[in-house]
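Please walk through the structure shown here, starting from a single residue and widening the view step by step until the whole chain has been covered.

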Amino acid sequence: MKRYYWMLLVLLGVWVMAQDSSLPGVKEEGNYTQGTLGQVLQPLPVANAQPDGVYSVGAWPLYTPELADGPGKELVMGYCQVCHSSTYITMQPPLPAATWEAEVQKMIKTFGAQIPDDAAKQITAYLQAHYTPETRKQ
(Lines give C-alpha, C1' and ligand atoms only; values in the text may rest on other atoms or scores of the structure.)
Protein backbone atom coordinates (compact mmCIF):
# COMPACT_ATOMS: atom_id res chain seq x y z
CA MET A 1 0.00 0.00 0.00
CA LYS A 2 2.88 2.38 0.80
CA ARG A 3 4.31 1.74 -2.65
CA TYR A 4 1.01 2.74 -4.27
CA TYR A 5 0.93 6.05 -2.34
CA TRP A 6 4.58 6.71 -3.18
CA MET A 7 3.95 6.24 -6.91
CA LEU A 8 0.82 8.39 -6.72
CA LEU A 9 2.78 11.13 -4.98
CA VAL A 10 5.54 11.02 -7.63
CA LEU A 11 3.02 11.17 -10.48
CA LEU A 12 1.20 14.05 -8.82
CA GLY A 13 4.51 15.91 -8.44
CA VAL A 14 5.39 15.39 -12.08
CA TRP A 15 1.96 16.60 -13.15
CA VAL A 16 2.21 19.75 -10.97
CA MET A 17 5.69 20.53 -12.32
CA ALA A 18 4.46 20.11 -15.90
CA GLN A 19 1.72 22.68 -15.25
CA ASP A 20 4.21 25.38 -14.18
CA SER A 21 5.74 26.89 -17.35
CA SER A 22 8.23 28.97 -15.35
CA LEU A 23 10.37 25.93 -14.56
CA PRO A 24 13.82 25.81 -16.17
CA GLY A 25 13.83 23.86 -19.41
CA VAL A 26 10.06 24.10 -19.91
CA LYS A 27 9.58 26.23 -23.01
CA GLU A 28 6.83 26.89 -25.49
CA GLU A 29 7.66 25.09 -28.71
CA GLY A 30 6.94 26.34 -32.20
CA ASN A 31 6.92 30.06 -31.44
CA TYR A 32 8.52 31.52 -34.57
CA THR A 33 8.31 35.29 -34.62
CA GLN A 34 10.52 37.69 -36.48
CA GLY A 35 12.86 39.75 -34.36
CA THR A 36 16.44 40.01 -33.24
CA LEU A 37 18.19 37.87 -30.69
CA GLY A 38 21.58 39.41 -30.15
CA GLN A 39 22.81 40.23 -33.65
CA VAL A 40 21.10 37.41 -35.57
CA LEU A 41 17.84 38.07 -37.41
CA GLN A 42 15.34 35.33 -36.62
CA PRO A 43 13.51 34.23 -39.78
CA LEU A 44 9.78 33.83 -40.16
CA PRO A 45 8.52 30.29 -40.79
CA VAL A 46 8.32 29.17 -44.39
CA ALA A 47 4.77 29.51 -45.72
CA ASN A 48 4.77 26.10 -47.40
CA ALA A 49 6.53 24.21 -44.61
CA GLN A 50 6.16 20.45 -44.63
CA PRO A 51 4.33 18.82 -41.70
CA ASP A 52 7.34 16.66 -40.85
CA GLY A 53 9.28 19.62 -39.43
CA VAL A 54 12.40 19.19 -41.58
CA TYR A 55 13.81 22.53 -42.70
CA SER A 56 16.81 23.56 -44.77
CA VAL A 57 19.03 26.43 -43.69
CA GLY A 58 21.62 26.44 -46.46
CA ALA A 59 25.35 26.13 -46.11
CA TRP A 60 27.03 27.01 -42.82
CA PRO A 61 30.31 28.88 -43.02
CA LEU A 62 33.17 26.45 -42.48
CA TYR A 63 36.00 28.94 -42.09
CA THR A 64 37.71 29.88 -38.87
CA PRO A 65 38.83 33.50 -38.72
CA GLU A 66 42.60 33.88 -38.94
CA LEU A 67 44.39 34.79 -35.73
CA ALA A 68 46.73 37.77 -35.66
CA ASP A 69 50.33 36.96 -36.52
CA GLY A 70 52.81 37.11 -33.69
CA PRO A 71 54.80 35.15 -31.12
CA GLY A 72 52.53 32.66 -29.38
CA LYS A 73 50.06 32.17 -32.25
CA GLU A 74 51.21 28.59 -32.77
CA LEU A 75 50.77 27.84 -29.06
CA VAL A 76 47.21 29.21 -29.13
CA MET A 77 46.43 27.11 -32.18
CA GLY A 78 48.09 24.04 -30.68
CA TYR A 79 46.74 24.16 -27.13
CA CYS A 80 43.49 26.11 -27.34
CA GLN A 81 42.06 24.48 -30.45
CA VAL A 82 42.21 21.08 -28.76
CA CYS A 83 38.97 22.02 -26.97
CA HIS A 84 37.48 24.87 -29.00
CA SER A 85 37.86 26.85 -32.18
CA SER A 86 39.89 30.04 -32.29
CA THR A 87 36.63 31.67 -33.32
CA TYR A 88 35.95 32.11 -29.60
CA ILE A 89 38.91 34.48 -29.48
CA THR A 90 37.99 36.52 -32.55
CA MET A 91 34.19 36.70 -32.19
CA GLN A 92 33.97 38.51 -28.88
CA PRO A 93 34.75 42.10 -28.03
CA PRO A 94 38.35 42.76 -26.99
CA LEU A 95 38.98 41.77 -23.37
CA PRO A 96 41.21 43.59 -20.87
CA ALA A 97 44.65 42.08 -20.32
CA ALA A 98 43.78 40.84 -16.81
CA THR A 99 40.70 39.08 -18.19
CA TRP A 100 42.81 37.19 -20.75
CA GLU A 101 45.11 36.03 -17.97
CA ALA A 102 42.09 34.89 -15.93
CA GLU A 103 40.61 33.11 -18.98
CA VAL A 104 43.80 31.13 -19.61
CA GLN A 105 43.99 30.16 -15.93
CA LYS A 106 40.30 29.15 -15.98
CA MET A 107 40.94 26.85 -18.93
CA ILE A 108 43.76 25.19 -17.01
CA LYS A 109 42.31 25.05 -13.49
CA THR A 110 38.58 24.70 -14.17
CA PHE A 111 38.44 22.87 -17.49
CA GLY A 112 41.65 20.86 -17.10
CA ALA A 113 43.54 22.10 -20.16
CA GLN A 114 46.95 20.46 -20.21
CA ILE A 115 49.01 23.61 -20.82
CA PRO A 116 52.49 23.89 -19.29
CA ASP A 117 53.17 27.05 -17.27
CA ASP A 118 55.66 28.46 -19.80
CA ALA A 119 53.20 27.94 -22.68
CA ALA A 120 50.36 29.46 -20.63
CA LYS A 121 52.45 32.60 -20.08
CA GLN A 122 53.19 32.85 -23.81
CA ILE A 123 49.53 32.29 -24.73
CA THR A 124 48.46 34.98 -22.26
CA ALA A 125 51.09 37.38 -23.64
CA TYR A 126 49.90 36.70 -27.22
CA LEU A 127 46.23 37.32 -26.35
CA GLN A 128 47.14 40.48 -24.45
CA ALA A 129 49.27 41.70 -27.36
CA HIS A 130 46.53 41.26 -29.97
CA TYR A 131 43.04 41.05 -28.42
CA THR A 132 42.66 43.80 -25.79
CA PRO A 133 40.78 47.08 -26.37
CA GLU A 134 44.14 48.83 -26.76
CA THR A 135 45.75 46.29 -29.12
CA ARG A 136 42.94 44.82 -31.23
CA LYS A 137 43.24 45.66 -34.89
CA GLN A 138 39.82 45.93 -36.48
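Val104 is buried, with a relative accessible area of 5%, in a model that is predicted. Its place is in helix H4, which spans residues 97–109. Setting aside residues up to four places away in sequence, Val104 touches Ala120, Ile123, Thr124 and Leu127. Val104 also has a C-alpha to C-alpha distance of 9.2 Å to Cys80, and these two residues are 24 apart in sequence.

One of the residues that Val104 touches, Thr124, gives a view from the other side. Thr124 lies in helix H5, and because its relative accessibility is 8%, under the 20% limit, Thr124 counts as buried. Beyond the residues up to four places away in sequence, Thr124 touches Glu101 and Val104.

Helices H4 and H5 meet again in the nonpolar interior. The largest nonpolar core has 16 residues, and those with the most contacts inside it are Val76, Ile89, Ile115, Ile123, Leu127 and Tyr131. Helix H4 (97–109) and helix H5 (117–130) are the elements that give two or more residues to this core. Of these, H5 gives the most, with five residues. Which residues does Ile89 touch, not counting those up to four places away in sequence? Ile89 is in contact with Leu67, Val76, Trp100, Leu127, Tyr131 and Arg136. Among these partners, Val76, Leu127 and Tyr131 are also listed with the most contacts inside the core.

Beyond the end of H5 comes Thr132, which lies in the segment after that helix. Thr132 is buried, with a relative accessible area of 2%. Leaving aside neighbours within four places in sequence, its contacts are with Pro94, Leu95, Pro96, Ala97, Trp100 and Leu127. Trp100 and Leu127 are also among the residues that Ile89 touches. The side chain of Thr132 has a polar partner too: a polar contact of 2.7 Å joins it to the side chain of Thr135.

The charged side chains come next. Side chains of opposite charge can pair when their charged atoms come close. How many salt bridges does the count come to? The count comes to three. In one of them, Lys73 pairs with Glu66, the closest N and O atoms being 2.6 Å apart. In another, Lys73 pairs with Asp69, with the closest N and O atoms 2.9 Å apart. Glu66, Asp69 and Lys73 are thus linked in a network of salt bridges.

Are the members of this network buried or exposed? Lys73 is buried, with a relative accessible area of 9%. Glu66, in contrast, is exposed at 60%, and Asp69 counts as exposed at 62% relative accessibility. Both acidic residues count as exposed because their values lie over the 50% cut-off.

A further salt bridge joins the side chains of Lys106 and Glu103, with an N to O distance of 3.3 Å. Because Lys106 and Glu103 are three residues apart in helix H4, they are separated by about one helical turn. Lys106 is partly exposed at 32% relative accessibility, and Glu103 is partly exposed at 26%. Helix H4 therefore holds this partly exposed pair along with the buried Val104.

At the other end of the sequence, attention turns to the surface. A nonpolar surface patch of about 860 Å² is made by Trp6, Met7, Leu9, Val10, Leu12, Val14, Trp15 and Val16. One of these residues, Met7, has its place in helix H1, residues 2–19.

The chain as a whole can now be described. The protein chain has five helices and two strands. From the N terminus on, its elements run α-β-β-α-α-α-α. Of the 138 residues, 17% count as buried. The accessible surface of the protein chain comes to about 11,400 Å², and 61% of it belongs to carbon and sulfur atoms. Among contacts between residues at least 6 apart in sequence, 56% join residues at least 24 apart.

Definitions and conventions
Residues numbered from 1 in each chain as written. Predicted model: local features only at pLDDT ≥ 70, side-chain atom pairs only at ≥ 80, totals over all residues. Heavy atoms only, no water. Core = buried A, V, L, I, M, F, W, Y, C linked by side-chain atoms within 4.5 Å. Buried < 20%, exposed > 50% of the residue type's maximum accessible area, 1.4 Å probe, protein only. Helix = DSSP H or I, 4+ residues; strand = E, 2+ residues; numbered from the N terminus. Contact = heavy atoms within 4.5 Å. Salt bridge = Lys/Arg side-chain N within 4 Å of Asp/Glu carboxyl O. Areas by Shrake-Rupley, 256 points an atom, 1.4 Å probe, with all protein chains shown as cover. Patch = residues over 30% accessible without salt bridge, like charges linked within 9 Å, V, L, I, M, F, W, Y side chains within 5 Å. Polar contact = N/O pair within 3.5 Å; in protein donor to acceptor, adjacent residues only side chain to side chain.
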